Amino acid sequence: MEITTLEWAITIIATCAVLLFDVVVIARNPHEPSFRECAVALSIYIGAAVAFGAWIWISHGHDLGIQFYTGWLTEYSLSIDNLFVFIILMAALRVPREYQQEALMVGIILALVFRGVFIALGYQLINNFSWVFYIFGAFLVYTAYGLIKSYRTHEDEHPEENRIVRFAQTHLNVGDEYHGLKLWYRKNGTRLVSPMLIVIIALGTTDLLFALDSIPAIFGITQEPYLVFTANVFALMGLRQLYFLLGGLLKKLVYLSLGLAFILAFIGVKLVLHALHENELSFINGGEHVDVPDISSLFSLAVIIVALVVTGVASILAARKMSPQEIDERTSNLETPETGASE
């Protein structure tokens with residue numbers, strides 16, 4: 001795929017412009033967005049992703065168009081899983097609702113930065129060491145196993161208790177008042193660290209962990225860095241609105257971890273098959289390529305769409321039969337945000 005410098009420049013400038021617009025708007029008027037505000041913004045972001053995929057399809061061929069849509073859907077489903085962690089963080093760190101948009105915006109920017117770095121590193125690895133696909137594939141299968149294990153044992157996630165966050169809380173003079181994105185403030189002549197800094201540290205560390213899952217997954221679908229980058233951008237754009245728009249519905253996605261586990265395991269197997277097909281390791285088939293089935297982009301897209309639809313429908317149907325306590329157990333006891341007031 002030949003992507004011109006102009007195309008890269010336009011993409012990066014447009015991404016930065018959208019982020020800057022969001023930052024300026026939110027900073028000028030911190031508030032909890034209404035249902036209409038979230039729905040309109042999310043519709044624009046999803047429409048833009050669909051239109052961008054159509055442009056890739058028309059200008060660079062249908063196979064790359066399918067790869068973009070497959071990658072975007074995969075990253076979007078993983079981003080929804082991110083929302084669960086964001087919700088836990090907001091509740092555990094008691095972030096006022098009017099400042100949650102600002103915190104989420106910072107989280108999204110950090111996620112884009114970390115994923116950009118991992119995309120560059122991943123691209124260099126797969127270009128120079130084809131055997132890295134074995135590692136990526138094994139890692140995704142292991143991650144899928146971890147999701148299933150967590151679902152079966154109902155283990156709660158507490159990202160706000162990681163070592164880095166605890167260290168910051170212990171060694172910094174943290175106050176108890178939020179002042180938007182202001183990270184320091186003075187009270188009675190004493191300089192205090194705003195708890196927003198702790199929120200940003202927590203978001204940053206969790207974004208870093210999510211990038212470790214996300215990037216191997218997308219490289220299992222396409223090895224084109226431009227598609228990897230744009231799929232991640234479109235998956236993260238609108239995540240803030242989705243956080244407020246879905247509200248309590250997130251709690252009803254009781255089988256989300258199982259659906260994601262299936263998708264990650266599928267991509268992991270696809271990566272291993274690709275690694276075998278490109279094999280250069282001397283202790284496997286004498287260093288020769290292994291004749292294994294090749295999973296097409298169209299088949300991957302179909303599998304992921306079916307998995308997401310089945311997961312969503314099965315989750316909602318199952319949630320209707322569960323008590324609120326059972327739903328809490330299946331979704332890590334989340335305190336979900338209520339949707340903003342309708343206009």
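Lys270, Leu273, His274, His277, Val292, Pro293, Asp294 and Ile295 line the largest cavity of this structure, which is a predicted model. That cavity has a volume of about 50 Å³, and the structure holds one cavity of 30 Å³ or more. By class, its lining divides into four nonpolar, two polar and two charged residues.

Let us start the helix tour with one of those lining residues, Lys270. Lys270 also belongs to the contact between α10 and α11, where it stands on the α10 side with Leu256, Gly259, Phe262, Ile263 and Phe266. Across from them, α11 brings in Phe299, Ser300, Val303, Ile304, Ala307, Leu308, Thr311 and Ser315. Nine residues of this contact are nonpolar, four are polar and one is charged. How do the two helices run relative to each other, roughly parallel or roughly antiparallel? They pack at an angle of about 165°, and because angles over 145 degrees count as roughly antiparallel, α10 and α11 are roughly antiparallel to each other.

Here are the three helix pairs side by side.

| Helix pair | Residues | Axis separation | Angle | Handedness |
|---|---|---|---|---|
| α3 and α7 | 62-92 and 195-219 | within 11 Å | roughly 160° | right-handed |
| α3 and α8 | 62-92 and 225-236 | within 8 Å | roughly 40° | right-handed |
| α10 and α11 | 256-277 and 297-321 | 9 Å | about 165° | right-handed |

Now to helix α3, which appears in two of the rows. The axes of α3 and α7 cross at roughly 160°, so α3 is roughly antiparallel to α7. On α3, the contact is made by Gly71, Thr74, Glu75, Leu78, Asp81, Asn82, Val85, Phe86 and Leu89. Helix α7 answers with Ala202, Leu203, Thr206, Asp207, Phe210, Ser214, Ala217 and Ile218. Sorted by class, this contact has nine nonpolar, five polar and three charged residues.

With α8 the arrangement is as follows. The axes of α3 and α8 cross at roughly 40°, which means that α3 is oblique to α8. The α3 side of this contact consists of Leu64, Gln67, Phe68, Gly71, Trp72, Glu75, Tyr76 and Ser79, while α8 supplies Leu227, Thr230, Ala231, Asn232, Phe234, Ala235 and Leu236. Nine of these residues are nonpolar, five are polar and one is charged.

Which α3 residues touch both α7 and α8? Gly71 and Glu75 take part in the contact with α7 and also in the contact with α8.

Conventions
Residues numbered from 1 in each chain as written. Predicted model: local features only at pLDDT ≥ 70, side-chain atom pairs only at ≥ 80, totals over all residues. Heavy atoms only, no water. 1 Å grid on protein atoms, 1.4 Å probe; cavity = no way out; pocket = protein on both sides within 12 Å on 5 of 7 lines; lining within 4 Å. Points joined across faces, edges and corners; volume = space filled by probe spheres on them. Nonpolar A, V, L, I, M, F, W, Y, C, P; charged D, E, K, R; others polar. Axes fitted to C-alpha atoms, helices over the stretch in contact; angles between N-to-C directions. Helix = DSSP H or I, 4+ residues; strand = E, 2+ residues; numbered from the N terminus. Parallel < 35°, antiparallel > 145°, perpendicular 65-115°, else oblique. Left-handed = near helix turned anticlockwise from the far one by under 90°. Contact = heavy atoms within 4.5 Å.
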